[in-house]
Amino acid sequence: MSSDLTALFGATLCRHEVGEVGTKAALKDKAHVGILFGAAWSGSCKQFMAPLVQVYKKLVEEKGKSFEIVYVPATVPGRPPEDDKSFKELLAMMPWLAVPLHRKAVHKKLTRRFQVRQIPMLVLLDSDGKTTHRDITPAVTHIVEDPEGDSFADQFPWAEKRHTNIKQMLGDTFLKSDGTEVGINELEGKYIGVLLSATWHWQCRRFQQMLEYMYEKLIGQGKNFEIIDMDFSGDVPWLCMPQKSWEAKQKLGEAFRVEQCPMFVIIDPEGNVVTTEGVEIVTKDTDGECFPWTPKPLYDLSTLEPEILGEMNDTVTCVVLCEGCDEETKAAVSEAMMPVAQEAFNAAKASGCEAGMLFFTATETSDVVYQLRMSCELGDPTGSPQMVVLDIPDSGAYYVFDGDNVTTENISLFIEDYDEERLERKELQEDEEEGEEGQ
């Protein structure tokens, strides 16, 4: 595990009053490692520090758990980076390790890889370096506040339910609208949409109408697809969980942290989660043309697919525009991008998160591609590829590659320069028509 974590954190980590230590030696034989994302300027992070120290000592010193924590200063758009003084003040509160402050690129990569949307956030890795829980912050709070906290601590490492086989969590039998039972074996080889909805809610009813249209279209085309509704209804064409399956419903709700409805989760035939953004997919791919919506390492912006629509607004994106190039150049661009995109895709899969960086080519002209060119002031398509990194969450920031030799090595170096903040930062320009309408 230590070799995997050396690649993740870098060759050295640091500890209060000790300085830098070797990552490999510091994390040797640790069964679990927590990655704490936070910031010295965050009051909630400082408040979380005291209970986390209490839990850390309970697990490591009292119960002898093979556990370590590594603190990572999170890079948050619109917020200043930590300075040396504030970093040392926070480090003094921690009995665990930290990524050195000067490793800005590592901070940014890890924040991106684990899709950090709020802080504090505590990710838990197992002995293989794979994510077993994307955020155990609530577990820490439970141990501190609950009188039975010791028994909860004994349940460490609190494996996240979502990382289990979702198909096995559904139960053994389901009901058709006429009340007849169907066994789990009927779902063999099928993609399954798990619907968490409420019939009394107008948004849920509206979504159900769109979902029925797409469902009947896919079934009519012979697609291997089925929907499991967590609430029984005699008015839907798909299967429902029986009312007696309340325990399975509760576990599913916990696994997907249902905070609003409707929610539509799509899983593959093996029971792995394809996406939790099924509502957006159904809304934008009403005919189900892109079924089964499985994520890919590399997309074409010219034919933007529904499972990735909207993701560009929340995720750092690397795009190579080559719609003015010949077919040989277009193929070479895709071939050069694939190894970098595949590496990021595999890392996200191991982290149990959505991709921390998206990768696109743009091989043909489209409204989306045209708008991107105008917003980034790239001008008309040329015979040479043009590469940009979009960081829309950071107030519409973007960065342009200085050159047209788009090789695998240059793509990697360009992203490294972005992480190291060596590139000129620009901001996306508003569409002229939108600007005129707002006046």
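Okay, a quick definition to start: two strands count as paired if DSSP finds at least two bridges between them. The helices (H or I, at least four residues) and strands (E, at least two) I mention are DSSP runs, numbered from the N terminus.

Before we look around, two housekeeping points. This is a predicted model, so please keep in mind that local features need pLDDT of at least 70, side-chain atom pairs count only at pLDDT 80 or more, and totals for chains, interfaces and linings use all residues. Residues are numbered from 1 along each chain as its sequence is written, and side-chain values use heavy atoms, with hydrogens and water left out.

Let's begin with strand S11, residues 225-229. Strand S10, residues 191-196, is joined to S11 by five bridges, and the two run parallel. If you want to find the spot, look for tyrosine 191, which stands opposite phenylalanine 225 in S11. On the S12 side (residues 239-240), there are two bridges to S11, again parallel, and there aspartate 229 stands opposite cysteine 240.

So, is S11 buried or exposed? By buried I mean under 20% relative accessible area; exposed is over 50%, and partly exposed is in between, with a 1.4 Å probe and protein chains only. Five of the five residues of S11 are buried, so the strand is largely enclosed by the rest of the structure. Phe225, Ile227 and Asp229 point one way, while Glu226 and Ile228 point the other way.

Helix H9, residues 202-220, goes with these strands: S10, H9 and S11 make a right-handed β-α-β unit. Right-handed here means that, with the strands pointing away from the viewer, the path from the first strand over the helix to the second runs clockwise.

Stay with H9 for a second, as it holds lysine 217. Lysine 217 forms a salt bridge with aspartate 287, the closest N and O atoms being 3.3 Å apart. A salt bridge, for us, is a side-chain nitrogen of Lys or Arg within 4 Å of a carboxyl oxygen of Asp or Glu. The pair links distant parts of the chain, 70 residues apart, with aspartate 287 sitting in the loop between H11 and S15. Both ends are partly exposed: aspartate 287 at 28% relative accessibility and lysine 217 at 32%.

Now, that loop has another aspartate, 285, between helix H11 (278-284) and strand S15 (299-300). Which side chain of opposite charge is nearest to aspartate 285? Lysine 217 again, but 9.3 Å away, and aspartate 285 is buried with no salt bridge. For charges, Lys and Arg count as positive and Asp and Glu as negative; His and the chain ends are not counted. What aspartate 285 does have is a side-chain polar contact with tryptophan 293, at 2.9 Å. A polar contact is a pair of N or O atoms within 3.5 Å; within protein, one must be able to donate a hydrogen and the other to accept it, and residues adjacent in sequence count only if both atoms are side-chain atoms. One more thing in this loop: the peptide bond from phenylalanine 291 to proline 292 is cis, with omega near 10°.

There's another cis bond, between isoleucine 119 and proline 120, with omega about 0°. Proline 120 lies in the loop between helix H5 (104-113) and S6. Seven of the ten residues of H5 are buried, so H5 is largely enclosed by the rest of the structure.

On to the core. How many residues does the largest nonpolar core have? It has 27, and those with the most contacts inside it are Leu36, Leu52, Ile69, Tyr71 and Trp96. The helix H3 (43-62) is among the elements that give two or more residues to this core, and H3 gives the most, with seven. A nonpolar core is a set of buried Ala, Val, Leu, Ile, Met, Phe, Trp, Tyr and Cys residues joined through side-chain atoms within 4.5 Å.

Last stop, back to charges. The whole structure has 13 salt bridges. One of them joins aspartate 394 and arginine 425, at 3.5 Å, N to O. Aspartate 394 is in the loop between S18 and S19 and arginine 425 in the loop between H14 and S20, so the pair ties together parts that are 31 residues apart in sequence. Aspartate 394 is buried at 18%, whereas arginine 425 is partly exposed at 36%.
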